[in-house]
Structure formats: structure tokens, C-alpha cells
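Let's go through this one in question-and-answer style, starting with the charged pairs and then turning to how the chains meet.

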Amino acid sequence: VGTLVLVEHDSKMVKAGTFSAITAASKLGGNITALVAGKDVSEIASKVASIDGVKAVLTAKGDAYANSLPEALAPLISRVVKAGNFTHVVAPATAFGKNVTPRVGALLDVQPISEVIAIQSPDTFVRPIYAGNALTTVQSSDSVKVMTVRTTAFPKAASSGSAAASISETPAGDDTPKGVKWLKEEVSTSERPELDSAKIVVSGGRGCGSKENFWKVTEMVSAALPGSAIGASRAAVDAGFAPNDLQIGQTGKVVAPELYLALGVSGAIQHIAGMKDAKTIVVVNKDAEAPFFQIADYGLVDDLNKAAPALVAALKK
Amino acid sequence: MSMNPFDEIALEQAIQLKEKGIATEVVAVSVGPQLATETLRTALALGADRGIHIAYDKPEVVHPLSVAKLLRGVVLKEKPSLVLLGKQAIDDDSNQTGQLLAGLLDWPQGTFASSVALDEKKTQVTLTREIDGGLETLLIDLPAVLTADLRLNTPRYASLPNIIKAKKKPLETLKPEDLQVEVKSGLKILKVDEPPKRKGGVIVDSVEALVDKLRNEAKVI
């Protein structure tokens with residue numbers, strides 16, 4: 001077993017999902033090599049070298065790898081896999097991992113495995129299907145197992161702080177992406193922690209009534225719960241209350257915080273698929289018939305406009 | 001059998017491109033048993049010009065890589081400028097077929113699209129994609145593979161006259177052999193289990209009671 005982990009980063013920071021991918025890779029046994037590709041990679045490479053479990057870091061530097069375009073990364077990864085005889089490729093199941101990994105599978109002619117939540121052996125994996133309503137155990141006989149792992153299913157690998165892994169450059173190749181040009185990115189900046197790694201998530205649904213009220217109640221409650229992130233249901237995103245990157249659910253983000261506090265979210269199965277591994281679920285909704293109450297640890301039937309300020313006051317006591 | 005909701009969005013985008021005079025023809029393709037022809041008839045009723053049914057009846061080996069290889073066979077035959085797919089199926093939730101197809105064809109890919117605009121010369125598409133922190137915009141040369149996210153458009157419903165008209169639209173059936181594809185998979189499903197169910201807890205009658213439970217019972221705040 002030799003595992004190549006794809007490092008997701010933004011040139012300054014290693015993204016949280018990478019640390020979970022490294023933990024998942026460690027369950028496969030065998031050495032872990034981390035691949036860092038980007039326009040400038042030296043800072044990231046030394047950060048990755050100090051993550052526990054990483055044996056070696058391979059870097060690929062150049063304009064071709066800026067912005068993580070799969071048209072450039074997939075040929076690089078498949079070349080590295082062949083040159084290094086890697087048996088496994090692991091990436092976090094984030095927008096980055098989901099975009100790149102299948103393209104690698106196509107180049108290597110192997111069937112990728114998406115959103116792995118448990119590793120039973122180097123060739124046997126568990127993954128959710130039907131919006132998490134079933135778990136399937138699959139066995140791969142492909143020469144290279146290419147997979148994304150659900151980041152909430154694997155704890156983050158620790159960083160020991162001192163560079164322990166060797167760092168070397170991958171053999172050069174021309175991976176200039178063909179037929180695609182990156183134009184721009186509009187990424188929301190927030191003082192709050194990232195949704196997929198926050199200990200507490202406050203989420204709002206259509207029950208918030210309007211965009212103004214969505215932000216009023218979620219921000220009010222979030223401010224009273226330090227370290228909390230704000231999320232949204234699909235209905236709230238579709239209604240324009242919140243941007244798409246806050247959507248939690250089957251086709252959005254998957255979160256597993258200590259505390260999940262849903263405000264005016266009805267609890268459609270697609271939403272529950274994205275948060276049912278939260279440790280404690282609290283649901284506040286004025287509709288006592290909301291399906292979410294059936295899985296909530298604590299439910300409160302009340303009007304949000306009354307309950308939210310009262311909750312803030314009670315939390316401050 | 002109903003159409004995957006993300007594929008409905010992809011199809012709607014194709015039909016809109018034709019209505020705007022940008023696309024000349026919309027071909028709907030589905031891989032599956034005979035029942036898949038019903039889904040294709042729905043696509044024809046919604047506005048596709050013709051359908052291609054790739055007949056295959058063994059779902060246990062029709063994994064995304066096989067589907068992508070079959071679609072590549074259709075692409076090589078039909079030579080479209082644009083292939084639109086849903087970003088993921090809502091049964092196996094793999095989110096792979098579009099990326100696999102783009103990789104097999106060595107075409108650029110624009111996944112998780114929330115906005116698609118073709119230039120006047122029909123050689124490039126400006127595409128906005130939903131990524132983790134927000135949105136990313138790419139300029140992609142045709143031919144390309146695009147996958148639709150939820151907010152790309154709102155699919156229409158088929159009208160009764162169009163449902164009747166769809167019965168006369170051409171629908172061709174191909175076998176994997178016709179596309180020189182051997183359907184096999186390196187992935188075997190060993191078992192399918194039900195995940196542990198969460199049980200509902202208690203309904204509290206006040207925010208004070210709720211905060212007390214969170215502090216002293218769940219100990220999460």
C-alpha cells in the first residue's frame with residue numbers, strides 16, 4: 001500500500017479537509033505521500049510536512065496548477081501515481097476533491113469511490129447512498145483505488161509543528177490546462193469559523209421568512225454562541241436568504257458539529273442527510289408538525305422572532 | 001421511473017440554449033433498462049429533439065465509469081459541442097459521471113454550474129460554479145462537458161400537447177456493443193445496510209429549559 005493524498009490549499013492555508021483525508025489515508029496502512037500542487041507551494045509544502053502521518057511531500061509548482069483546475073491536476077496526479085506505483089489516491093470530499101478526483105479515475109481507467117465514511121480494509125469501503133438513508137459496503141479490484149472521503153467521518157490529523165517529512169519536486173511535465181481559463185472567484189469572508197469544521201452550527205430555513213430576518217435571527221443566536229458558524233437549508237438558499245456556500249444537505253455541505261441549532265428549518269430528508277451526525281440537534285420551529293422534531297434531541301415549538309431573542313437572553317445568563 | 005432532478009436542470013439548460021437559437025439540436029441520452037425510454041419520452045416532451053437509449057439491464061455493473069464510457073461512445077458518434085449532465089444522481093450520490101466523461105474525452109469541464117452563458121460565436125462558455133467558499137467563474141472553450149447545480153435554472157413542466165407530440169419524436173436504441181464499450185466495473189457492492197436511526201428526544205416548553213438541557217444534560221455549551 002502506498003497512498004497519495006491530494007492537498008487542498010489556497011496558497012496560504014492547508015484546508016481543513018486535507019487533515020481529515022490524511023487520517024483516512026492512515027487507516028489504509030502503508031506510507032502516505034502528500035501532493036501539493038500550485039503556483040507557489042513552498043510554504044504549504046512545509047506545513048504539510050509537519051502533519052502527523054505524512055511520510056513524504058511531493059510538490060508541483062507552476063502557473064498551470066494555479067486555481068486547482070482539474071484539466072491540469074488530473075494529468076499530473078495520474079503521472080505521479082504511475083511513477084510512484086501508488087495504490088491509493090485520497091482527497092477530501094469537498095468541491096475541490098469532487099471536481100478533480102473522478103477525472104483522475106478516468107485517466108487511470110478506474111472506478112472512483114465517492115464520500116467514503118469508513119475504511120474496512122485497503123480495498124473495502126463504506127459510503128452513504130440515497131441521501132444517507134443507506135450505507136453501502138463496496139470492494140474495489142481496481143489497481144489504484146481513487147477516492148474522496150467525507151471529512152466529518154475522519155478526525156483531523158494533528159500537526160506536530162516540526163517538519164518531519166521529506167519534501168521533493170515531482171518530475172516536470174507540461175500540464176497547462178487546455179480549453180479553460182480561470183476568470184475570478186467570489187469567496188465570502190466571515191469572522192465566523194468555517195461551516196464544515198465549526199463546533200456549533202446555527203442554521204436557518206424558510207421559516208425565517210425573509211433574507212433580513214434570516215440574518216437577524218441566525219446572527220443574533222450565533223453571536224451568543226462563540227465559535228459557531230451559520231448554515232442554511234436548501235429552501236433558504238433557493239429563496240435567496242443565504243448564499244449557496246451555506247447550504248447544508250445531500251447536495252450541499254455535510255456537517256457534524258457538537259451542537260446543531262436549526263431555526264425555522266422543516267427538516268427535509270435532503271437536509272438531514274447533511275447534518276444527522278451532529279452530536280446534539282436542537283430544532284426551533286413554530287410548526288409543531290415539522291418532521292425535524294422527530295430526530296431533534298431537543299425541540300422547541302415557538303415563533304422564531306420571539307424565541308431567538310429569548311434564547312440569546314437565556315444564553316447570557 | 002423519474003428523471004434525476006439535476007438532469008432535469010441540465011436538460012432545461014439545453015432547451016433554453018435551443019430556444020435562444022444558440023443550440024441547433026438537443027439530443028437526450030439515457031443508459032438503463034427498457035424503462036429508461038419513458039424518461040427519454042419525458043425529455044422529448046420537455047423539448048429535446050430526439051432520444052438515444054443505451055439499453056443495459058445490469059445496474060450492478062453500470063457504475064459511473066461505465067456510463068461515462070457509453071456516453072463517450074455517443075459523443076464520438078454525435079459530435080456535440082456541449083454535453084450537459086446533472087452534477088450528481090440522487091440515488092448513488094456519486095457526483096462523478098461528468099468529470100469522468102470530460103477526462104475520457106480530454107475536454108474541459110465546468111462542474112456544479114449555477115450560470116452558463118455562451119458567446120455569440122458559440123465557441124466559448126462563461127460559467128459560474130458553486131464552490132465551497134462561494135462562486136468561481138471560468139471561461140471554457142467548446143466542446144466541453146458541463147454539470148448542473150441546483151440554481152442553474154428552474155425546469156419547466158411538459159404540456160399535454162407536447163407530451164402527445166413527443167410520442168412521434170425519434171428515439172433510437174443502442175447496445176453497448178454498438179458503441180464498442182464493454183460494460184464492467186472494478187467495484188463490487190458487498191452489502192447495503194440501514195444506518196443507525198436517530199431518535200427524537202424531548203420537546204421543551206421554554207428557551208430557559210432548552211438552555212438548561214444544553215448546559216447540564218447534553219453539555220454542549
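**Salt bridges and the A–B interface**

Q: Is B:D193 buried, partly exposed or exposed?
A: This is a predicted model, so the number is computed from it. B:D193 has 32% relative accessibility, and the partly exposed class sits between 20% and 50%. That makes B:D193 partly exposed.

Q: Which residue forms a salt bridge with B:D193?
A: The partner is itself partly exposed, with a relative accessible area of 42%. The closest N and O atoms of the pair are 3.5 Å apart, and the cut-off is 4 Å. The residue is B:K191.

Q: How many residues apart are B:R156 and B:E19?
A: Their closest N and O atoms are 2.6 Å apart, in a salt bridge. B:R156 is in the loop between β7 and α5 of chain B, while B:E19 is in helix α1, so the pair links distant parts of the chain. B:R156 is partly exposed at 28%, whereas B:E19 counts as exposed at 52%. The separation along the chain is 137 residues.

Q: What is the count of salt bridges between chain A and chain B?
A: One of the bridges between the chains joins A:D297 to B:R198, with the closest N and O atoms 2.9 Å apart. Over all chains, the structure holds 27. Between chain A and chain B, the count is 5.

Q: Which strand of chain B pairs with strand β11 of chain A?
A: The pairing is antiparallel and runs over 7 bridges. Within it, A:K181 stands opposite B:L139. The strand in chain B covers residues 134-141 and is β6.

Note on methods: Residues are numbered from 1 along each chain as its sequence is written. Chains are lettered from A and ligands numbered from 1 in the order in which they are written. This is a predicted model: local features need pLDDT of at least 70, side-chain atom pairs count only at pLDDT 80 or more; totals for chains, interfaces and linings use all residues. Side-chain values use heavy atoms; hydrogens and water are left out. A salt bridge is a side-chain nitrogen of Lys or Arg within 4 Å of a carboxyl oxygen of Asp or Glu. Two strands pair if DSSP finds at least two bridges between them. Helices (H or I, at least four residues) and strands (E, at least two) are DSSP runs, numbered from the N terminus. Buried means under 20% relative accessible area, exposed over 50%, partly exposed in between (1.4 Å probe, protein chains only).
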